[in-house]
Amino acid sequence: MLTIRQILADKEAIIAGLEKKHFNNARDIIESVIAIDQQRKSAQQKKDNASQQMNVLSKSIGALMAKGEREQAEQVKAQTAQLKEDVRTYESEMAQAEEEQRNLLLTIPNVPYSIVPDGATADDNLAVKTGGWQAGNGIDILCQDNDKAFAIEGASIALRDWKDEYNPTRQEELLPHWELAKKYHLIDFDLGVKIAGAGFPVYTGQGAHLQRALIQFFLDEATKAGYTEIMPPTVVNAASGYGTGQLPDKEGQMYHAEVDDLYLIPTAEVPVTNLYRDEIVDEKQLPIKMCAYTECFRREAGSYGKDVRGLNRLHEFSKIEIVRIDTPEHSAQSHREMLDHVESLLKKLELPYRILRLSGGDMSFTAALCYDFEVYSLAQQRWLEVSSTSNFDTYQANRLHCRYRDAEKKVQLAHTLNGSALALPRIMAALLENNQTQDGILIPAALRPYFGSDRIQ
RNA sequence: GGAAAGAUGGCGGAGUGGUCGAUCGCGGCGGUCUUGAAAACCGUUGACCCGCAAGGGUUCGGGGGUUCGAAUCCCUCUCUUUCCGCCA
């Protein structure tokens, strides 16, 4: 959450930022937070005053008792009654104002950075970069900046020719991944329904093997990039959910084991970032770079329709997450490095991708700046989100009480960042669909050492 | 599931009603010594809130209570550890 200090320091900028995020009644809410803060401060001043007098009297009673002057002590005691009453009154005033303020602050989203595009929906996202392989039809899609048009043109990308080594499937004969999964016995959706339910696929044979290869590949790449591998629990307590902001906002999106009051994690971000909850680290330790592979669980309540087909939207999926904790001065650089890392993965997998800078209205509640990575899926002819890489500025850190001690020994809120590197199902979908040939599904070179073969047949 | 013990500052660990925000050790920081480093020695070192400051308040797992006064006593919740049982 935002701190009251941030709000007091630059009220107008905060309001403007919240409006950019399409947060309703931003001005009114900010004004009332400030008003409550006034109440809080005045209550504290009154309370501090009374407490001080109380402390003085108590000490003098102690001194009198020590000297054996019981009668005098009793007289002073008599004076404390009213003060004691006052302290209680002011304390409850203060506590009430604090709670009111906190509750209000919790409802206020993070403020976007200035470069975040205006707009309310995904249509307003800015495609800052596209990349991937050279299209067979000759359209140059490499590294075009600010190319919103590509979203439309993408549909006409032809399949890579694989250097004429193989016989590519003709565009009109491309199968969606759920058909390919059946054809090559990679994933059994029906069995998943039988043993768990829709959205819990069963990977079999080469499908399971490819899954494992991707996990290993992503973890190796992250490790090479300097991220420390973490293997956290896949359930967390409520405190952790509040720390990273899933609670209370997205309560209904997490599986909750009520008997033990534990939540199945929707992303490794939750356990990994929470490792640093209530910690003060030394600036020299920053940036802290961690990566983790976990299963992720999402109830996806309320999302039905055709985009849930196959691997597109699941209740359980595998994801490798990268997480950083950094100083405010260096966090932008960190963000950049994370984007470069994610992009390098997509390049190595030879997938066509685009990078979107999310608009104010499309960003998550807690993010200050967020880039989505999408890969183009040839058979479905649509973009699939495979990574979301965000800087949360101090927003999460404030909730987490994640701080660092700077060179001057001052304790400051850290910045937290995280990104998917990468989420498996849609990568798998794109790999299957884009690489289908008459001779099987081809495995990109970077993945072959992990998969142990150049194709699925 | 049964039984017991415990939760104190970055860490370890004292403290069982009155200058205790808390002895001490480690770690950190500054200094002396040294060509430099180590060692030794000296000093310093919690967080949060209010205040321009001086200063004040809060804080010993969370919440409530007793008391003029609570880290210390009582109630309650949460968590941890150990032993027994079960078990990958």
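**Cysteines, a long run of helix, and the RNA strand**

Cys291 counts as buried, at 0% relative accessibility. Keep in mind that this is a predicted model.

Let me stay with the cysteines. How many disulfides does a search of the whole structure find? Zero. Take Cys291 as one case. The closest cysteine sulfur to its own sulfur belongs to Cys296, and the gap is 14 Å. A disulfide needs the two sulfurs within 2.5 Å, so Cys291 is too far away for a bond. Cys370 is buried too, with a relative accessible area of 2%. Its sulfur also has Cys296 as the closest cysteine partner, at 16 Å. That is again too far for a bond.

Next, helix H3. It covers residues 26-67, 42 residues in total. From first C-alpha to last it reaches 61 Å, close to the expected 62 Å. Just after H3 comes Gly68, with a positive phi of about 85 degrees.

Now the RNA. Strand B is surrounded by 24 residues. The closest are Arg40, Gln44, Lys47, Asp48 and Arg405. Of the RNA atoms that come within 4 Å of the protein, 77% are sugar and phosphate.

Three side chains to look at. Lys47 puts a polar atom 2.7 Å from a sugar or linking oxygen of strand B. Asp48 does so at 2.9 Å, again to a sugar or linking oxygen. Lys84 has a polar atom 3.3 Å from a phosphate oxygen. The elements giving two or more residues to this surface are H3, helix H4 (70-106) and strand S14 (402-405).

Which element gives the most? H3, with 14 residues. By type, the surface holds 12 charged, eight polar and four nonpolar residues.

Terms used: Residues are numbered from 1 along each chain as its sequence is written. Chains are lettered from A and ligands numbered from 1 in the order in which they are written. This is a predicted model: local features need pLDDT of at least 70, side-chain atom pairs count only at pLDDT 80 or more; totals for chains, interfaces and linings use all residues. Side-chain values use heavy atoms; hydrogens and water are left out. Helices (H or I, at least four residues) and strands (E, at least two) are DSSP runs, numbered from the N terminus. The expected span of a helix is 1.5 Å times one less than its number of residues. Buried means under 20% relative accessible area, exposed over 50%, partly exposed in between (1.4 Å probe, protein chains only). A residue is near a molecule or strand if one of its heavy atoms lies within 4 Å of it. A polar contact is a pair of N or O atoms within 3.5 Å; within protein, one must be able to donate a hydrogen and the other to accept it, and residues adjacent in sequence count only if both atoms are side-chain atoms. Ala, Val, Leu, Ile, Met, Phe, Trp, Tyr, Cys and Pro count as nonpolar, Asp, Glu, Lys and Arg as charged, and the others, Gly among them, as polar.
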